[in-house]
Amino acid sequence: MTIVQVALDVPVDRLFDYLAPDADVADIGRCVHVSFGNRKCGGIILAISHASAIPHNKLKAVSFIDRDTPALSTSLLKLFEFCSSYYHHPIGQVIANGLPTLLRNPKHQATNQLQHNQEWVLTETGKNIGLEDISSRSKAKRNIFSKLLENGVITAETYQAMTPYVRKQLRELANLGWVAQQASSFQKLPFKVTSSFTPTTEQQHAIAKILAHTDTFTPWLLHGITGSGKTEIYLQIAATLLAQQKQVLVLVPEINLTPQLEAVFRQRFPTTLLVSLHSGLNHTERLQGWLHAQQGKAGIILGTRLAIFTPIPKLGLIIVDEEQDHSFKQQDGLRYSARDLAVYRARQANVPIILGSATPSLESYQLARSGRYQLLQLHTRAISQATLPTIRCIDTRTAPVSEGFSESILKALDQSLRQKQQSLVFINRRGYSPVLLCKSCNWIATCGRCSSRLVVHLRNQQLRCHYCGDRQSIMLTCPQCGDPDILPLGHGTQRIEATLTKQFPQANILRVDRDSIRQKTAWRTILNTIHRGEADILIGTQLLAKGHDFPNLGLVCVLNADSSLYSTDFRAEEHLFAQLMQVAGRAGRAHIHGTVLIQTEFPQHPLYQALTQQDYAAYAQVLLAARKAAYFPPFSYLAVLRAEAPELSEALTFLKQAADTATTTEEYDSIQLFDPVPAYMVRLKGLERAQLLIQAASRKRLQIFLDDWYQKIITLPVRGKLRWHLDVDPLTI
DNA sequence: AGCACGCCGACT
DNA sequence: GTCGGCGTGCTC
């Protein structure tokens, strides 16, 4: 009797046994189709055995084993298993989260074949043809041909990205016998390793150090100020490993940033197949990219956090850009940290990993200080003429502020306009105003489903909840006392836009926030507008702060950042510092000197002191000391058990029950269970939430405790609409 | 998660 | 008399 143990996408952390007479160990890691209950679903075979604890008459036979798609490698399966046990999430759901859905879909079996990739090259005839032999009126043809002359190849991927019209032009060139198709291969031609500028001595030093240890697990923390050329280091190291026929995995925080880094890598490695994996792809695209990676055809795998689950047989290097970014941690379902899993994977594959950041997370920084990670520092900007921006605080206790702006900021904006330089006004608040207040009875517009205030959006005269998305029409009179004297309080991007439009009627003002780039193409369009210099003043939220290069940007103004200074979130300060460093770093990246002006009521606060000095290390010391005193990460390890229910009391009761089941013997003396408390945002989307914090002296102790406790929690009765989850290494508590 | 089974209220 | 509400429990 041969039995396969199958992981299925169900919230039960166990494998299911099926009869499979013809299966053997080679089928481990293969996709299998089974009937489960009264439905059909796909799963992954994780083990083979010859006996089952399930009564024989209850066992069903598998309906199909997909032997056409290569099995998942043992190392990938180990990653899934680690992820499942570390984050306490059912193995089947971990795998489902990490694989393209099409892979398991019984209906799409045929599409699992890798589309045969054809690339285009010049024929012998074609090599004797010059650009001048093509009519100057056929612009598209000329473009294609010059690309071929330059790179020698049009990769299958590039071809895929072409419009039907351009493809037709290419086929016409083929009809002339100048170009021909051939099966694509991975890195056939040498690629350009040169770049337009020579590395600084700091960069050279960092590159040399990393290159000395490319064949073994070495975690590098690359701490480089904004504009110091971290990307150039990534490229140089990647070049070396690609030349060794190794694959490189690059993780970036956000989908907005993938096109940018993708373009840089494509340009530098035009003949290397690059696959880009992020949530914006459709199922087919994602499957194709995944298969290219799995079969070793893709040299570069670039993507957001989900890309950490890509099978990469010849993995030679992992790069995590902006490693401190919170979007590496998934915030629902499987709450994994792609950055932490990346370190696990690098260790597993015995390859180097580069964690890059201008403001490293305190966790990584502490690991570097303690010698677990190797610290590499870049203190100077890569472009020799580029200097660090001047950062200055404007004390709003003494400087009068009108409509959100102090006099000096308006003056600076005016001067920047005269100098024909771009400015950026940073305000981390969407909408027109964050509060709608009744002057006579102090009523404030709040969301009915969340414990949040509604934000005024002047467009459509709406009030919106930024937490649940609810929207309603703005009222004309106070719903509590009927007074018509209700007014918007505080400033959001839209109000700032209105003020600046009035103040500088001659300027081109461009607002960039989630509301203004809702359409898919808008982001590209906006970046183009900025780069063409058609915007004088940019108004933006953090969307604009991340990773973009605006060469003509000289002035950055930060309007209202204090709000997160005295927050309950223990990471708020770290986060604010990183964000302000990042937005300050947008100024003066190329040949103009940057100025950053920050309006604050607390110019003496250590955060602003460190920021004006641009001294990450000094501030990290301050924060680390505070974390140590408070016994917070990286000096302790956390997990949070959260529950939500229609009534807060139900959530609290569940957590209390869970706490009661926890073993509290000496064995766990380094574990602290706190009392269940209401969450900071108690109400969210019509549910009330509570949480219970677990603090531990070591990661290992925490894991041992959670292993035991989790097993007990899953047996607790769950009544009604109550939902709970465990968050290991939570970002916010 | 789905999906069934199962036991109580307002309807053709 | 039945349609359907969602509480409980199982899926190899």
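Between which two elements does the loop that holds S636 lie? S636 lies in the loop between α20 and β30 (637-645), where helices (H or I, at least four residues) and strands (E, at least two) are DSSP runs numbered from the N terminus. The model is predicted: local features need pLDDT of at least 70 and side-chain atom pairs count only at pLDDT 80 or more, whereas totals for chains, interfaces and linings use all residues. Residues are numbered from 1 along each chain as its sequence is written, chains are lettered from A and ligands numbered from 1 in the order in which they are written, and side-chain values use heavy atoms, with hydrogens and water left out.

**Close-up 1. Surroundings of S636 in the loop between α20 and β30.** S636 counts as buried at 1% relative accessibility; buried means under 20% relative accessible area, exposed over 50% and partly exposed in between (1.4 Å probe, protein chains only). The side chain of S636 reaches the backbone oxygen of Y631 at 2.8 Å. A polar contact is a pair of N or O atoms within 3.5 Å; within protein, one must be able to donate a hydrogen and the other to accept it, and residues adjacent in sequence count only if both atoms are side-chain atoms. Leaving aside residues up to four places away in sequence, S636 touches Y631, Q695 and A696, contact meaning heavy atoms within 4.5 Å.

**Close-up 2. The annotated positions C438, C441, C478 and C481.** An unreviewed UniProt entry gives the annotation "binding site" to these four residues; UniProt positions are in the numbering used here, feature names are shortened, and annotations may be inferred rather than shown by experiment. The four span 44 residues in sequence, yet no two of their C-alpha atoms are more than 8.6 Å apart, so they gather at one spot. C438 lies in strand β21 (residues 435-438) and is buried, at 0% relative accessibility. C441 lies in the loop between β21 and β22 (455-457) and is partly exposed, at 25%. Not counting residues up to four places away in sequence, C438 touches W443, C478, C481, D483, D485 and I486, while C441 touches C478, Q480 and C481.

**Close-up 3. Protein residues around DNA strand B.** The strand is surrounded by V10, P11, N38, R39 and R723, a residue being near a strand if one of its heavy atoms lies within 4 Å of it. Of the atoms of DNA strand B within 4 Å of the protein, 61% belong to sugar or phosphate and the rest to bases. An N or O atom in the side chain of N38 is 2.7 Å from a sugar or linking oxygen of the strand.

**Close-up 4. Aromatic pairs and a cluster.** Rings of Phe, Tyr and Trp (its six-membered ring) pair if their centres lie within 6.5 Å; planes under 30 degrees apart count as stacked, over 60 as edge-to-face and the rest as tilted. By this rule there are 15 aromatic pairs. The rings of Y566 and F602 have centres 5.3 Å apart and planes at 75°, so this pair is edge-to-face. Y566 is exposed, at 58% relative accessibility, and F602 is partly exposed, at 30%. The rings of F577 and Y616 have centres 6.4 Å apart and planes at 40°, so this pair is tilted. The pair links distant parts of the chain, with F577 in helix α18 and Y616 in helix α20 (residues 616-630), 39 residues apart. F577 is buried, at 2%, and Y616 is buried, at 6%. One aromatic cluster is formed by F82, Y86, Y87 and Y344.
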